[in-house]
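I opened a new notebook page for this structure. The entries below keep to what I looked up, in the order I looked it up.

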Amino acid sequence: MPTTELIGYLAATLTTCSFVPQAWHTFRTRDVSGISLGMYSVFTTGVALWLAYGIALQAWPIVVANAITLLLASTILGMKLRFRRAPGG
């Protein structure tokens with residue numbers, strides 16, 4: 001495996017794994033008060049675009065990392081939409 005591809009997989013692993021604690025915490029506690037709806041909406045859209053880009057290039061480190069990150073970010077975003085408090089409540 002070329003060094004550049006190894007670096008890509010390592011970067012993909014680290015950045016993707018960084019979402020696991022937030023997703024686990026949110027799933028376990030259903031506490032979404034500290035999560036920005038705007039940020040996660042834009043971020044999730046960006047990750048979906050990175051996934052499309054990786055597929056177009058057949059760049060597997062990009063595809064794998066962004067597919068997993070999209071799943072985690074979408075889960076957090078979905079929980080933010082589902083468990084957010086009503087205004088004034």
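What follows goes from the whole chain to single residues.

**Entry 1. Overall layout**

I noted at the start that this is a predicted model. I looked up the secondary structure and found four helices and zero strands in the protein chain. Read along the sequence, the pattern is α-α-α-α. I then took the extent of the C-alpha trace, which spans about 55 × 25 × 15 Å along its principal axes.

**Entry 2. Surface and contacts**

I asked what share of the residues is buried. The chain has 89 residues, and buried ones make up 27% of them. The accessible surface comes to about 6,000 Å². Carbon and sulfur atoms hold 69% of that surface.

I also looked at contacts between residues with a separation of 6 or more. Of these, 68% join residues that are 24 or more positions apart.

**Entry 3. Aromatic pairs**

I searched the whole structure for aromatic pairs and got four. The pair I wrote down first joins Phe-19 and Phe-43: the ring centres are 5.0 Å apart and the planes stand at 20°, so the pair is stacked. The cut-off behind that word is planes under 30 degrees apart.

Where do the two residues lie? Phe-19 is in the loop between α1 (3-17) and α2 (20-29), while Phe-43 is in helix α3 (residues 37-57), so the pair ties together parts that are 24 residues apart in sequence.

I checked whether each of the two is buried or exposed. Phe-19 has a relative accessible area of 15% and is buried. Phe-43 has 26% and is partly exposed. The limit for buried is under 20%, and the two values fall on either side of it because Phe-19 is at 15% and Phe-43 at 26%.

Phe-43 has a further aromatic partner, Tyr-40. I recorded this pair as edge-to-face, with 6.4 Å from centre to centre and 70° between the planes. Tyr-40 and Phe-43 both belong to helix α3 and sit three residues apart, which is about one turn of the helix. Tyr-40 is buried, at a relative accessible area of 9%. Taken together, Phe-19, Tyr-40 and Phe-43 make one aromatic cluster.

**Entry 4. Thr-44**

I moved along to Thr-44, which is also placed in helix α3. Is Thr-44 buried or exposed? Thr-44 is buried, with a relative accessible area of 9%. I listed what Thr-44 touches, leaving out residues up to four places away in sequence, and got Leu-70, Ala-73, Ser-74 and Leu-77.

**Entry 5. The largest pocket**

Next I looked for open space. Rolling a probe the size of a water molecule over the atoms shows where empty space is left. The largest pocket holds about 160 Å³ of space.

How many residues line the largest pocket? I found 13, and those nearest its centre are Ala-11, Ala-12, Thr-15, Ala-65 and Asn-66. Helices α1, α3 and α4 (60-83) each give at least two residues to the lining. Sorted by type, the lining has eight nonpolar residues, five polar and no charged.

I took Ala-11 from this lining for a closer look. Ala-11 lies in helix α1 and is partly exposed, with a relative accessible area of 39%. I also took one distance from Ala-11: its C-alpha atom is separated by 17 Å from that of Pro-21, 10 residues apart along the chain.

**Entry 6. Positive phi in two loops**

Last, I looked up backbone angles. Which angle does Arg-30 show? Phi of Arg-30 is near 60°, a positive value in a residue other than glycine. Arg-30 is found in the loop between α2 and α3. Arg-30 is partly exposed, and I wrote down its relative accessible area as 43%.

Gln-58, not a glycine either, has a positive phi of about 55°. I placed Gln-58 in the loop between α3 and α4. Gln-58 is exposed, with a relative accessible area of 55%. The exposed class begins over 50%, so Gln-58 at 55% falls inside it.

Terms used. Residues numbered from 1 in each chain as written. Predicted model: local features only at pLDDT ≥ 70, side-chain atom pairs only at ≥ 80, totals over all residues. Heavy atoms only, no water. Buried < 20%, exposed > 50% of the residue type's maximum accessible area, 1.4 Å probe, protein only. Contact = heavy atoms within 4.5 Å. Areas by Shrake-Rupley, 256 points an atom, 1.4 Å probe, with all protein chains shown as cover. Phe/Tyr/Trp six-rings, centres within 6.5 Å; stacked < 30°, edge-to-face > 60°. 1 Å grid on protein atoms, 1.4 Å probe; cavity = no way out; pocket = protein on both sides within 12 Å on 5 of 7 lines; lining within 4 Å. Points joined across faces, edges and corners; volume = space filled by probe spheres on them. Nonpolar A, V, L, I, M, F, W, Y, C, P; charged D, E, K, R; others polar.
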